[in-house]
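Dear colleague,

Please find the structure below, with the sequence alongside it. My notes on what was found follow directly after.

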Amino acid sequence: MRSKFLIIFLSFLLCCQVVLAADTNEQVDTHEYRLSNGIKLIVREDHRAPTVAHMVWYRAGSMDETNGRTGAAHVLEHMMFKGTDKVKAGEFSRLVAAVGGRENAFTSRDYTAYFQQVEKSKLGDVMKLEADRMSNLNFDDAEFSKEIQVIMEERRLRTEDNPSSLLNESLMATAYMSSPYRHPVIGWMNDLVNMKAVDARNWYESWYTPNNATVIISGDVDPLQTLQMVEKYYSGATVHALPVRKPQVEPEQKGIKQVQVKAPADSAQLVMAWKAPTLKPDMIDDPEPYALELLSAVLDGYDNARLNRVLVKQERVVNDINVGYDMISRGPELFMISANMAKGKTVSQAQESIRKALNDVIQNGVLESELKRIKVRILSEQIYKRDSIFGQAMEIGTIEMAGFSWRDIDPILERMQLITPAQVQAAAKKYLVDGGLTIATLDPQARKSADKGNQ
Amino acid sequence: MKAVKQIFFTASLVLGLLQSAQAILPIEKLDSVKGAKAYLVQTKALPIVDIEVSIDAGSRYDPIAKSGLSSMAAELMSFGVKSSQGVLGEAQIADEIADLGANIGVSVSGERATMRIRSLSRKDLRDRAVLLASLMLSSPTYDEKILEREKQRSITGLLEAQTKPEFVLERRFNKAVYGNYPLANSPSVKSIDAVTVGDLKKFHKQFYRGDRMIVSIVGDVTSAEASEIAQALLKGVPESGDAIPSLPKFERSPVESLADREINIPFDSQQAHIAMGMTAITRENSDYFPLIVGNYVLGGGGFVSRLMSEVREQRGLAYSVFSYFAPGKDAGIFQAGLQTKNDQATLALEVMSTTMAKFIENGATPTELAAAKDNLINGFPLRIDNNRKLLDNVSSIAWNGLPLDTLDVWTSKVQAVTLEQIKTAFQKYLSMDRMKIVVVGGQNK
């Protein structure tokens with residue numbers, strides 16, 4: 001187990017001694033190496049089961065795209081399965097399947113990642129394939145033409161026919177005027193329609209280079225043998241310079257922004273989103289992001305948290321409500337509250353109730369007991385997380401891509417435990433203000449359907 | 001030649017696995033508690049314990065006019081209980097769960113209600129989580145006001161869901177495929193509205209009892225501790241109760257003309273959502289392995305199935321296309337599906353139908369069978385590499401009444417499947433002239 005502090009804090013919070021068998025093992029279970037071509041390798045040992053997760057993360061996501069080519073990062077993610085000089089289209093997945101592997105890939109605003117999960121003796125087989133497509137991708141135009149159709153179907157499925165996604169898309173495009181976070185990861189439909197194979201190839205040539213890649217391997221492996229294997233397969237990948245990343249810092253917002261979306265739905269939806277700070281890798285003592293993280297849990301972190309208790313159960317003004325804030329991010333961040341209206345209630349009634357609940361925090365602060373409850377949950381969830389070998393690789397990859405080190409995971413949790421009610425109140429007061437607020441509402445339209453239910 | 005080599009290779013792997021692990025999943029059968037069977041898998045690496053109680057109280061027992069009753073009965077268990085210290089309200093229950101750093105969740109599927117508890121394994125913490133769960137199982141208060149609120153929330157959720165093509169598709173498909181079996185029914189505004197506190201109390205008394213429950217435990221506890229947990233969980237639960245009327249027989253989808261089997265629902269979404277399927281097998285069926293190995297080839301194998309190749313890779317018609325068997329304890333179906341933009345719906349449906357018909361008629365090729373076995377056998381360790389997955393497996397074995405060595409012999413059963421068995425089994429259970437087809441979308445035909 002990685003650190004003692006989890007256990008110490010849990011003991012403190014639960015007012016008694018916690019004895020954890022696994023904690024007596026003090027050996028360091030995470031190892032970091034750097035290959036001469038710039039690849040960073042992180043190995044997390046977990047010997048509970050004879051399986052391993054192999055991931056490659058490229059620090060290039062939709063935030064690195066340019067106008068007219070939104071969606072390029074995600075399109076390339078699809079094309080990575082469409083053949084290299086040696087492995088023909090579709091063969092990658094067949095070879096991974098043959099060794100019993102589970103595989104997929106995902107693209108976010110901040111990064112693109114590829115993974116396979118296999119029985120441990122098969123690690124070399126999948127690593128060979130993954131290393132090959134780091135440098136030798138070679139798909140033809142016909143494959144691109146079919147795959148871009150698949151991606152447009154994906155956009156229809158996830159966004160065009162999904163009113164909550166449409167609302168979220170408009171919210172982001174309204175909240176940000178300069179930051180590339182204003183574009184959806186999957187890209188605007190018109191950009192997909194006009195995307196060419198050369199756009200995907202250019203993306204690959206720009207960003208898929210070992211000095212922009214982090215390999216993360218978790219599971220039942222020996223770190224030094226794994227390093228040798230990674231050197232064997234990945235050290236041939238050739239380095240080239242990365243494009244210059246412009247900061248594209250979002251200008252300060254100067255007042256409320258509002259946007260309305262009409263889409264097929266039954267109830268209205270409301271999203272309120274405030275510009276909020278993120279944790280910076282060189283300033284992990286900054287209390288504000290932690291305070292906002294805890295505030296989001298005070299509002300929505302468990303069944304009896306404030307917004308659910310008051311708005312859903314007592315006032316019955318919304319049917320459900322969610323708070324989102326993630327202090328770990330490459331780009332800017334929003335503190336976001338989303339709600340579906342209860343029957344017969346309006347978005348202005350919901351907005352009023354949300355504002356009342358937030359004002360209560362700003363005026364009167366939060367209770368020590370609420371914070372303590374949330375801190376316990378954060379620590380217990382951190383222990384539950386280790387049940388998943390894949391989840392551990394995910395956690396490391398996410399924080400690395402945001403510019404932190406995996407070594408920061410524990411210090412960050414530690415600092416979270418020290419935040420006081422006064423700091424939470426101060427952060428709410430500073431950031432949950434109208435000057436940085438964007439409001440998006442879904443105005444429901446009747447969906448034309450012949451299905452009248454089965455009453 | 002290649003196929004022969006692969007089969008030899010995988011056979012030696014199976015032997016290796018069986019030798020290295022005496023029992024892949026050492027399931028201990030604990031003493032029954034109040035007629036409820038109880039099982040344990042000990043894992044010591046993490047200081048956590050996962051507990052599941054399966055209750056034979058699924059939505060198939062909903063009276064048709066009160067469809068939604070079983071879900072409401074389960075959900076409201078966490079919104080108020082009677083304890084020896086008086087009533088605990090929903091806020092107190094939620095706060096206590098949060099304070100313990102535990103999770104307690106309840107869900108209801110067609111066959112069963114499921115309560116899942118995850119706690120740190122330290123005795124004082126897990127005891128409190130188990131006590132709370134036991135009160136939920138035995139003594140829910142079913143408060144009138146909370147029921148009214150939750151009915152309203154549920155109705156609002158249903159009205160929203162009815163605007164979504166995937167929900168409309170699933171509801172109509174279930175209605176078609178389950179026929180006279182009660183899983184054909186789904187909640188309506190009227191049926192949810194009809195549920196009363198009296199109904200909840202009656203349903204709970206009737207179904208939440210030891211002889212309808214199974215307890216599965218995975219994690220950092222000894223056999224003795226696990227037995228204590230099972231006993232504490234079921235402390236207030238009655239052992240048995242009145243006889244429950246048996247359900248209608250699950251009848252095979254009949255041969256019908258296409259017009260009688262196909263339902264088109266106009267819907268102004270950009271994509272048409274398509275489902276196709278029919279009744280199939282239950283989990284204990286001896287043809288289970290030929291069917292799952294065969295389905296890997298047809299539509300189960302991630303990016304490498306025939307449906308994926310025909311619909312997505314070759315024609316770019318859909319993002320997602322799949323087929324699966326969903327075998328339950330008493331009823332099971334086969335289902336295939338995809339989503340595509342409206343003007344391609346007819347073409348996509350045709351490609352899917354042709355691919356399925358060809359597979360049912362001719363089965364898999366030797367190369368495909370070898371590839372399926374390679375994947376399923378080599379990938380077997382990924383099915384049991386954490387506590388959550390172990391719990392899923394133990395629970396499935398217990399619920400379906402399978403032998404406790406089910407996972408120990410799993411790879412050898414896959415290995416034994418032949419081409420002939422796949423073809424015979426697919427032809428025995430599936431037939432294109434029995435397939436129900438539902439298309440939700442516009443401009444089809």
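The domain bounds used here come from an automatic or database domain assignment. The model itself is a predicted one, and what follows should be read with that in mind.

For chain A, the domain assignment gives domain 1, covering 35-234, and domain 2, covering 257-445. Between the C-alpha centres of domain 1 and domain 2 of chain A the distance is 29 Å, and the contact between these two domains draws on 28 residues from domain 1 and 27 residues from domain 2 of chain A. On the side of domain 1 of chain A that touches domain 2, at least two residues each are supplied by β2 (40-45), β3 (51-58), β5, α6 (163-175) and β6 (213-219) of chain A; α6(A) gives the most, with eight residues. By class, the residues on that side of domain 1 of chain A divide into 14 nonpolar, nine polar and five charged.

Turning to the contact between the chains, 63 residues of chain A and 63 residues of chain B take part. On the side of chain A that touches chain B, the elements giving two or more residues are α3 (91-98), β5 (112-119), α5 (141-160), α11 (306-314) and α13 (368-385) of chain A, and α5(A) gives the most to that side, with nine residues. The class make-up of the side of chain A that touches chain B is 21 nonpolar, 17 polar and 25 charged residues.

In chain B, I looked at one sheet and the helix that lies across part of it. Six strands of chain B form an open sheet with mixed pairing, in the order β1-β2-β8-β3-β7-β6. Its edge strands are β1 (28-33) and β6 (103-108) of chain B, each of which pairs on one side only, and neighbouring strands of the sheet are turned against each other by 15 degrees on average, direction ignored. Within this sheet, strand β3 (residues 48-55) and strand β7 (residues 113-120) of chain B run antiparallel and are joined by eight bridges; B:V53 stands opposite B:M115 in β7(B). Helix α4 (residues 123-138) of chain B lies across β3, β6 and β7 of chain B, and α4 of chain B runs at about 160 degrees to β7(B).

When you open the model, the two contacts involving chain A and the sheet of chain B would be my suggested places to start.

With best wishes

Terms used:
Residues numbered from 1 in each chain as written. Chains lettered and ligands numbered in written order. Predicted model: local features only at pLDDT ≥ 70, side-chain atom pairs only at ≥ 80, totals over all residues. Contact = placed C-beta atoms within 7 Å. Helix = DSSP H or I, 4+ residues; strand = E, 2+ residues; numbered from the N terminus. Nonpolar A, V, L, I, M, F, W, Y, C, P; charged D, E, K, R; others polar. Pairing = 2+ DSSP bridges. Axes fitted to C-alpha atoms, helices over the stretch in contact; angles between N-to-C directions.
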